[in-house]
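Student: I have a new structure open and I'm not sure how to read it. Could you walk me through a few features?

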Amino acid sequence: DLHLGNICLRWLSENFITVKLIYVLCDIIVADMNIVYFFLLLAFCHDFRVESKKILFLNPPYIVSNEENLFIMGDILAQKGHEVTMYRLSHRSLITAASDKYLIRNLKVNESLFKHEYIKNGIITIPHEYGWDVNSMTFFGISHEFLTLSQSNCKMLSGTPLFDEIKEAKYDLAIVHLIENACSLAVTQILNIPTIGVWSNAQAGFHLLDVGIQELPSIVPLCLTSLTSSMDLYDRIVNFKSFLESSFFISSWNIFVDQSMKELFPGFLGYRKTLNNLILMLATTNSIVEPPRPVTRNVISLGCLTCKEAKRLTGVYKKFYDAPDNNGTIVISFGASFFKVDVVPKNLISSLHHLASHIGMKIVIRFKSDYFDDLPNVLAVKYMPQQDLLGHPKTKLFISHCGIKGLMESINSGVPILCIPTFFDQGDNAARATYLGIGEHRVITDVTPEILLSMARSMLAPENYAKYKEKAVRYSRISRDTLMTPNETFIDWVEKAINNDLGFLKMKNTPLMFYQYYCLDIIAVLCIPLVVLYYCL
């Protein structure tokens with residue numbers, strides 16, 4: 001009764017007269033006060049019910065495994081009673097939704113409108129080799145083919161029956177992931193659909209300044225630098241150099257985007273202006289993996305949406321972990337998006353085999369079993385229940401490419417991580433793991449059998465492992481110690497955005513030009529009188 005009374009407290013205080021009348025009538029009619037509380041609870045739930053809204057997801061052409069966050073978001077909204085429609089271009093695998101309120105449209109690219117070497121039979125098929133290209137961990141190393149892939153969305157959405165379909169549906173809210181997805185923003189802006197942005201990387205980049213993420217090169221390590229928050233003079237020089245490069249790169253790209261968007265979508269306000277008009281910016285990361293940085297109030301870190309409680313192992317995994325000779329297990333996975341044994345660098349394969357042969361521990365690895373048939377201590381599988389394995393007390397170390405999801409799941413489970421980054425932001429994530437003291441890292445091109453074995457042995461040595469484990473458990477406790485789960489935080493902010501005007505959370509004097517952001521125009525104005533006085537006197 002007391003618990004039920006606490007739940008209804010706020011509603012009772014706001015509806016005191018109505019409640020008093022109900023209370024008196026029920027007290028006269030029935031003697032059991034539990035029935036009174038039951039009717040009050042029904043009134044409370046009815047008063048705070050959420051009206052069903054139509055919500056649109058427009059996914060980028062390709063965001064690798066981060067698309068899982070969007071699937072989870074759609075599922076959360078559908079469970080709350082909202083009607084969700086998600087449009088995505090088809091990849092190697094098709095995704096379906098389990099709810100009648102959640103529709104996922106897997107679209108094929110119309111190759112008569114847009115031809116691209118990464119699109120075959122209407123399906124996006126990025127070469128697996130691209131995920132192992134360390135050059136992609138710099139701005140100028142990102143391939144032209146990967147960048148221009150975003151145009152496939154534009155051709156699908158501009159002046160087509162699909163655009164008319166979205167227009168006629170009259171959506172109440174759109175949720176758009178921002179990586180290479182300007183076309184989706186153009187559609188929601190032209191159709192005047194209130195829009196929430198989503199970002200899945202720990203670092204943001206100069207182009208998200210207009211959203212509210214301030215990455216000052218003097219104090220914040222920038223995206224694709226592999227730097228940490230502890231920067232010396234040399235690191236700051238490198239960081240500032242990267243800032244200039246990324247600013248030039250992104251500014252040039254924005255000019256191209258604006259020109260092409262305005263041709264395809266007359267009335268488009270411009271990419272930066274559209275970013276500034278977003279209601280909220282939801283980051284599917286947390287303050288542990290993100291570098292400390294100033295952000296505006298409309299930027300919300302949700303935390304790890306994919307993190308779950310570990311389940312008990314069953315089948316072959318249970319048998320493998322319960323073996324009497326299992327004195328500790330290493331879990332090894334390099335993700336699923338770009339993983340194909342045929343393109344994995346030979347130095348990594350030989351290094352992993354050498355590690356498994358000499359480490360003296362059990363190993364579960366996501367790999368083709370043929371490569372490890374000669375090693376009885378290795379369980380090689382096509383797919384693995386990664387979080388269940390990480391959550392098992394016998395798992396001592398996680399060796400990974402250090403994608404943002406894997407890093408957060410490792411932290412959530414309190415398991416030290418040895419990072420071998422290969423692609424895009426993984427170098428930043430690996431550097432962050434080392435900075436936090438929960439792991440070590442080495443770029444894949446520097447990995448040899450001897451180096452990998454030496455690093456693993458060093459981390460697992462009792463005098464060192466205790467330090468890594470203590471910090472991993474500490475950050476696990478911090479990531480879990482929240483009033484609301486990431487799922488609850490997500491739905492709370494989305495429904496706030498649906499029911500309220502949240503414009504007061506954003507800065508109103510943006511977007512700013514480079515010279516405005518650094519007050520160069522003000523400095524110039526202040527210097528003019530000094531120059532005049534100098535020459536006049």
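**How two helices cross**

Tutor: Let's start with a pair: helix H12 passes helix H16 in a right-handed crossing. Keep in mind as we go that this is a predicted model.

Student: How do I describe a pair like that?

Tutor: Two packed helices are described by the angle between their axes and the distance between the axes. Here, H12 (residues 346-358) and H16 (residues 449-460) pack at about 45 degrees, and their axes are 8 Å apart. That makes H12 oblique to H16, because an angle of 35 to 65 degrees is neither roughly parallel nor roughly perpendicular.

Student: Which residues in H12 and H16 meet?

Tutor: From H12, look for Ser350, Ser351, Leu352, His354, Leu355 and His358. They meet Pro449, Glu450, Leu452, Leu453, Ala456 and Arg457 in H16.

Student: Now H15. Is that helix mostly covered or mostly uncovered?

Tutor: Buried means under 20% relative accessible area. By that cut-off, 9 of the 11 residues in H15 (residues 426-436) are buried, so the helix is mostly covered. Among the buried ones are Gly427, Asp428, Arg432 and Leu436.

Student: What do the buried residues of H15 pack against?

Tutor: Two helices and two strands, namely H14 (404-413) and H17 (462-480), plus S14 (417-419) and S15 (439-441). Just past the end of H15, Gly437 has a positive phi of about 85 degrees.

Student: What should I make of the sign of phi?

Tutor: Most residues other than glycine have a negative phi. Leu224 is a non-glycine residue with a positive value, near 65 degrees, and Ser226 is another, with phi near 60 degrees. Leu224 sits in the loop between strand S7 (195-199) and helix H9 (233-264), and Ser226 is in the loop between S7 and H9 too.

Student: Are Leu224 and Ser226 buried or exposed?

Tutor: Leu224 is buried, with a relative accessible area of 8%, whereas Ser226 is partly exposed at 37%.

Student: Which residues does the "transmembrane region" annotation cover?

Tutor: The unreviewed UniProt entry places it at residues 21-44 and 515-535. In the model, residues 515-535 are 90% helix and 0% strand, with the end C-alpha atoms 26 Å apart.

Student: And the protein as a whole?

Tutor: Its secondary structure comes to 20 helices and 15 strands, and 54% of its 537 residues are buried. The protein exposes about 25,800 Å², with 59% of that supplied by carbon and sulfur atoms. Of the contacts between residues at least 6 apart in sequence, 67% join residues at least 24 apart.

Terms used. Residues numbered from 1 in each chain as written. Predicted model: local features only at pLDDT ≥ 70, side-chain atom pairs only at ≥ 80, totals over all residues. Heavy atoms only, no water. Buried < 20%, exposed > 50% of the residue type's maximum accessible area, 1.4 Å probe, protein only. Helix = DSSP H or I, 4+ residues; strand = E, 2+ residues; numbered from the N terminus. Contact = heavy atoms within 4.5 Å. UniProt positions renumbered as here; feature names shortened; annotations may be inferred. Areas by Shrake-Rupley, 256 points an atom, 1.4 Å probe, with all protein chains shown as cover. Axes fitted to C-alpha atoms, helices over the stretch in contact; angles between N-to-C directions. Parallel < 35°, antiparallel > 145°, perpendicular 65-115°, else oblique. Left-handed = near helix turned anticlockwise from the far one by under 90°.
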